[in-house]
Amino acid sequence: MPAEESDMNHAYLLTGGNMGDRLLYLRQARHAIGKEGRIVQASSVYETEAWGLQDQPLFCNQAIALQTDHSAEALLERLLSIEKTMGRTRQERYGPRLIDIDILFYNDAVIDQEGLHIPHPEVHNRRFALACLNEIAPDLVHPVTGKTVAQMLAACGDPLRVYKIS
């Protein structure tokens, strides 16, 4: 029997990649994520400059709101499995990648354990994440800072450019 909507967990994810057919990989990731629950909303796709290691191709990013019955830990395992199935290899920190799927928020949880940090510890510093998320959840409140996504985006000092492309 399916879980009631009120029993579902609400996760906000960010997908991205800057290798190969970026839009195809985002679509494939979104399709696979949809098997882990119900996608409630997805942002437009944004083209963004690379954060952290800037001498690399532009990224495409998309935020996804997901209702799931997975725990945060189980959801992370499933997302890592999707990345691996799609061909993601982890070589260079902040380096080029086919696909990256991050959990930005999970309910109003604050989780700090090895390999799983929710809310994403850099979300407030990354314009590309906030711009995507602002499109679908501007009033979402960061459980630690108490600021909304819209407020964090307005205050974000990240100078990297973000362009809506679809």
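**Close-up 1. T48, a buried threonine in a strand.** With a relative accessible area of just 2%, T48 is buried in this predicted model. You'll find T48 in strand β3, which covers residues 46-48. The T48 side chain makes a polar contact of 2.8 Å with the side chain of N61. Who else touches T48, once neighbours within four places in sequence are set aside? Besides N61, the list has L58, F59, F128, R161 and V162.

**Close-up 2. C60, a buried cysteine without a disulfide.** If you're hunting for disulfides, searching the whole structure turns up zero. C60 is no exception: the nearest cysteine sulfur belongs to C132 and sits 9.6 Å away. A disulfide would need the two sulfurs within 2.5 Å. As for the surroundings, C60 has 0% relative accessibility, so it counts as buried.

**Close-up 3. C156, another cysteine in no bond.** Here the closest cysteine sulfur is again that of C132, but at 12 Å from the sulfur of C156 it is too far for a bond. Is C156 buried or exposed? At 8% relative accessibility, C156 counts as buried.

**Close-up 4. A nonpolar patch on the surface.** Now for the outside of the model: L23, Y163 and I165 come together as a nonpolar surface patch. Taken together, these three residues have about 250 Å² of accessible area. L23 belongs to helix α1, made up of residues 22-34. Its relative accessibility is 33%, so L23 counts as partly exposed, since that label covers values between the 20% limit for buried and the 50% limit for exposed.

Terms used. Residues are numbered from 1 along each chain as its sequence is written. This is a predicted model: local features need pLDDT of at least 70, side-chain atom pairs count only at pLDDT 80 or more; totals for chains, interfaces and linings use all residues. Side-chain values use heavy atoms; hydrogens and water are left out. Patches are made of residues with over 30% relative accessible area and no salt bridge: like charges are joined within 9 Å, nonpolar side chains (Val, Leu, Ile, Met, Phe, Trp, Tyr) within 5 Å. Accessible areas come from the Shrake-Rupley method with a 1.4 Å probe; for residues, only the protein chains shown count as cover. A salt bridge is a side-chain nitrogen of Lys or Arg within 4 Å of a carboxyl oxygen of Asp or Glu. Helices (H or I, at least four residues) and strands (E, at least two) are DSSP runs, numbered from the N terminus. Buried means under 20% relative accessible area, exposed over 50%, partly exposed in between (1.4 Å probe, protein chains only). A polar contact is a pair of N or O atoms within 3.5 Å; within protein, one must be able to donate a hydrogen and the other to accept it, and residues adjacent in sequence count only if both atoms are side-chain atoms. Contact means heavy atoms within 4.5 Å.
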